[in-house]
Amino acid sequence: MRKFIGACCISAMLLTSALGTTMAPALAQTAEPALVDLINPLMGTDSSYELSYGNTYPAVAVPWGMNFWTPVTGKMGNGWGYTYSAHKINAIKQTHQPSPWMNDYAAFGLFAETGPLKVKEDERASWYSHKAEEARAYGYKVYLADYDVTAEVTPTNRAASFRFTFPKADDAHILIDGYAGGSMVKIDAANRRIIGYVRNNHGGVPSNFHNYFVAQFDKDFEVTRTWDDNGQVSGANASEGDHVGAVVSFKTRAGEQVNVKVASSFISPEQAALNLDRELGKDSFDQTQAKARAEWEKELSKVQVSDPNLDNRGTFYSAMYRMLQFPRMFHEVNAAGKTVHYSPYDGKVHDGFLYTDNGFWDTWRAVFPWFALMNPERDSEIMQGLVNTYKESGWLPEWASPGHRDVMIGSNSANLIADAYLNGVGGFDVETLYEAMVKNATTSEGRPRDKRGNVVGAVGREGVEYYNKLGYVPYDVGINENAARTLEYATADFSLSRLAAALGKTEDAKKYAAQAQNYRKLFDQESGWMRGRNQDGSWSKPFNPYKWGDAFTEGNSLHYSWSVMQDVQGLIDLMGGDRKFTDRLDSIFSTRPIFDDSYYGQVIHEIREMQIVNMGQYAHGNQPIQHMIYLYDWAGQPWKAQAHVRDVMKKLYSAAPDGYPGDEDNGQTSAWYVFSALGFYPVTPTVGQYAIGSPLFRNVRLTMPGGKVLNIESANNSDRNVYIQSVTLNGKAHDKPFFTREQLQGGGTLRFVMGPNPNTKWGIAKANAPFSMSAPAAR
């Protein structure tokens with residue numbers, strides 16, 4: 001396994017690397033790290049526009065925190081704010097960026113210097129080394145070599161504590177950069193404070209959007225200055241414009257530490273000050289860090305992995321860390337103790353929860369099923385936030401950052417809402433969300449518009465009128481990615497039908513169940529793949545199954561043809577039965593990674609990530625095909641799922657800067673790993689079933705909601721022994737290639753026996769296959 005430096009230089013990991021995976025029992029006991037210290041926040045940061053190994057940044061945060069903090073190596077406004085290959089750091093900023101492709105909003109940065117003052121980021125940037133960098137989920141520390149300053153930050157939900165260790169200096173400085181896009185700073189020397197606001201964003205905000213901040217210092221200011229839009233420094237104590245900042249200066253002793261407590265609010269300056277007092281108060285830096293560390297440890301401890309392979313454990317908890325970041329809280333607690341939020345939809349302050357920064361096209365697949373299984377209270381809050389979004393904007397979000405953004409396709413809010421409700425998540429107004437889901441499925445009129453007046457096509461269902469008339473979105477009506485939209489709408493209709501049935505809406509249930517079969521209208525019997533179709537019913541021509549984009553989204557027909565999660569048996573039938581289906585699954589891995597990039601006019605990073613990993617057409621770096629491996633469970637060859645799952649985990653993931661196979665995407669690519677490492681994965685929304693793969697670890701202890709414990713044991717598990725020989729649940733033989741939510745949440749002991757060769761008899765009975773609409777008896 002690849003090794004990493006910086007945060008990943010955990011002493012126990014290094015010790016294990018030096019001694020191998022087998023340690024003496026006494027040594028293993030003394031070297032055992034806390035779960036949170038197995039996390040490497042630098043996983044996935046060795047990325048670029050051309051090639052993504054995660055496109056992540058080291059997020060210093062608490063789980064689902066309103067604000068994250070991260071070091072900055074890139075230029076202001078660049079989505080690639082931190083890249084592992086960079087040599088200089090120019091700030092530690094508050095960030096809300098969910099993806100480099102969405103970019104950031106409400107950001108501002110802090111930095112420390114000595115010597116002549118430099119305020120422009122390219123001039124002030126300091127050399128640093130990963131050898132003198134410590135990245136943790138709960139804190140970040142770096143040596144700024146050009147200034148002989150050590151900078152540290154540790155988070156709370158809406159605030160953070162900074163600690164700067166200075167050398168002996170007559171001219172030590174701490175600056176706050178408000179960044180371009182609208183900012184204001186004001187220095188209150190008497191109270192050792194800097195207050196201000198920032199307004200930078202990349203869309204999805206109303207005209208009155210502000211992020212108000214307050215920074216409280218523990219050292220008197222000797223000199224105070226601000227700078228204007230031109231970077232000109234003056235003695236003025238306030239500045240306002242497009243891009244302004246503030247700097248305070250003082251003398252320092254060798255080793256002197258200056259502490260700065262920073263908090264922010266989307267509601268008001270007063271709320272920012274309240275957040276500061278409430279979340280940081282009189283706590284020291286170390287006390288704040290201990291609390292953040294404890295928050296992570298509490299969440300991670302719900303899944304306790306015991307295995308001699310610390311590299312795999314590090315990858316697991318690093319992935320789990322990413323999975324528990326988004327969607328972020330956007331709500332705050334006012335002076336009366338009431339939960340309130342500033343709405344990025346109507347610009348007003350409302351009661352209740354709100355979460356944001358999430359692309360449901362990605363996260364409905366595994367992140368939200370994880371929440372429903374393991375974090376139902378959090379899932380309930382998120383659902384309550386969706387109710388508020390609908391009431392405040394008239395629509396459900398599909399990609400919110402912080403408000404509606406015109407990115408990706410589908411109507412995937414239906415999947416995660418129905419999945420939550422049907423898997424026991426309560427405490428939210430499901431009738432209102434059902435109304436919103438039906439609106440999505442009924443009309444495209446009245447959708448929100450962006451600042452240019454353009455319809456936000458990602459909200460609702462683009463082309464829904466065509467879809468409802470023809471059963472598909474046509475190829476020749478000017479709607480891009482039409483086949484992908486059709487397939488995703490059909491899955492959403494399945495979720496809608498399931499929720500309608502649960503709510504007693506029988507006629508709606510029948511209607512949407514019928515529409516869930518619309519995937520059949522795109523299956524081309526001649527080619528054996530899904531294909532774009534014209535308005536008159538003819539097939540789009542020419543057809544190249546290797547063409548990325550066009551009728552599909554960030555993939556080709558070979559990737560999207562498996563997007564029939566609601567009716568895998570129906571797809572098997574269309575493809576000619578189990579044997580032909582599994583042959584076609586096999587072909588994804590055996591076909592050369594050829595591609596047609598003409599739709600994009602360039603090799604997009606998703607194409608390159610498929611091409612270079614030597615897995616044929618299997619493009620695990622993007623979401624549409626990530627579930628495909630598990631489809632062998634429906635067709636009587638579960639051992640192939642077992643082999644491929646373990647191969648992907650081994651080759652494409654590691655707790656290293658290049659540790660992801662493509663964009664991490666709000667926790668989804670991480671959630672695939674987390675589920676898969678446990679031995680199962682949620683393919684079909686709403687049904688509460690988890691297709692079985694191959695567990696990675698020897699022992700796992702899952703603490704379920706309500707306190708029941710599920711122990712997962714994998715006897716004989718190793719890199720070689722990837723095949724399931726038998727399964728028992730609470731001592732009884734389990735021959736089905738899936739588990740139910742009730743089985744997992746019921747606790748007890750789940751025991752796998754693993755071996756080096758496939759057991760071609762286990763889990764193959766057709767009557768035992770997971771749910772499919774076309775095989776109701778197999779439920």
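The backbone oxygen of Ile409 lies 3.5 Å from a polar atom of the Asn412 side chain, a polar contact in the sense of N or O atoms within 3.5 Å, where within protein one must be able to donate a hydrogen and the other to accept it, and residues adjacent in sequence count only if both atoms are side-chain atoms. This is a predicted model, in which local features need pLDDT of at least 70 and side-chain atom pairs count only at pLDDT 80 or more, while totals for chains, interfaces and linings use all residues. Residues are numbered from 1 along each chain as its sequence is written, and side-chain values use heavy atoms, with hydrogens and water left out.

Asn412 sits in the loop between strand S26 (399-400) and helix H10 (413-422); helices (H or I, at least four residues) and strands (E, at least two) are DSSP runs, numbered from the N terminus. Asn412 counts as buried because its relative accessibility is 1%, where buried means under 20% relative accessible area, exposed over 50% and partly exposed in between (1.4 Å probe, protein chains only). Leaving aside neighbours within four places in sequence, Asn412 is in contact with Phe360, Trp361, Trp364, Glu398 and Glu488, contact meaning heavy atoms within 4.5 Å. From Asn412 to Trp399 the C-alpha distance is 9.9 Å, with their positions 13 residues apart in sequence. The loop between S26 and H10 also holds Pro402, and the peptide bond from Ser401 to Pro402 is cis, with omega near -15°.

A cis bond also leads from Lys541 to Pro542, with omega near -10°. Pro542 lies in the loop between strand S28 (529-530) and helix H15 (557-560).

Positive phi values form another backbone topic. Asp357 is not a glycine, yet has a positive phi of about 65°. Asp357 is found in the loop between strand S24 (355-356) and strand S25 (358-359), and is buried, with a relative accessible area of 0%. Asn103, also a residue other than glycine, has phi near 65°. The loop that holds Asn103 runs between strand S3 (91-95) and strand S4 (108-114), and Asn103 is buried at a relative accessible area of 11%.

For residues 271-756, UniProt lists "domain: Glycosyl hydrolase family" in an unreviewed entry; UniProt positions are given in the numbering used here, feature names are shortened, and annotations may be inferred rather than shown by experiment. The span 271-756 is 39% helix and 13% strand, and its end C-alpha atoms lie 59 Å apart.

One open sheet has three strands in the order S29-S30-S35, with antiparallel pairing; two strands pair if DSSP finds at least two bridges between them. Strand S29 (680-681) and strand S35 (738-740) each have a single partner strand, so one side of each is left without a neighbour in the sheet. Strand S30 (residues 689-692) is joined to S35 by three bridges. Gln689 of strand S30 has Thr740 as its bridge partner in S35. Gln689 counts as buried, at 11% relative accessibility, and its side chain reaches the backbone nitrogen of Phe771 at 2.8 Å. Phe771 also has Arg498 over its face, at 5.7 Å from the ring centre; a charge sits over a ring if NZ of Lys or CZ of Arg is within 6 Å of the ring centre and within 35 degrees of the ring normal.

The structure holds 42 aromatic pairs. Rings of Phe, Tyr and Trp (its six-membered ring) pair if their centres lie within 6.5 Å; planes under 30 degrees apart count as stacked, over 60 as edge-to-face and the rest as tilted. Tyr653 and Trp672 form a stacked pair, 5.9 Å centre to centre and 5° between the planes. Tyr653 lies in the loop between helix H19 (638-652) and helix H20 (668-678), and Trp672 in helix H20, 19 residues apart. Both Tyr653 and Trp672 are buried. Phe680 and Tyr690 pair edge-to-face, at 5.9 Å centre to centre and 70° between the planes. Phe680 lies in strand S29 and Tyr690 in strand S30, so this pair ties together parts that are ten residues apart in sequence. Phe680 and Tyr690 are both buried, and both belong to one aromatic cluster with Trp370, Tyr630, Phe675, Tyr681, Phe739 and Phe752.
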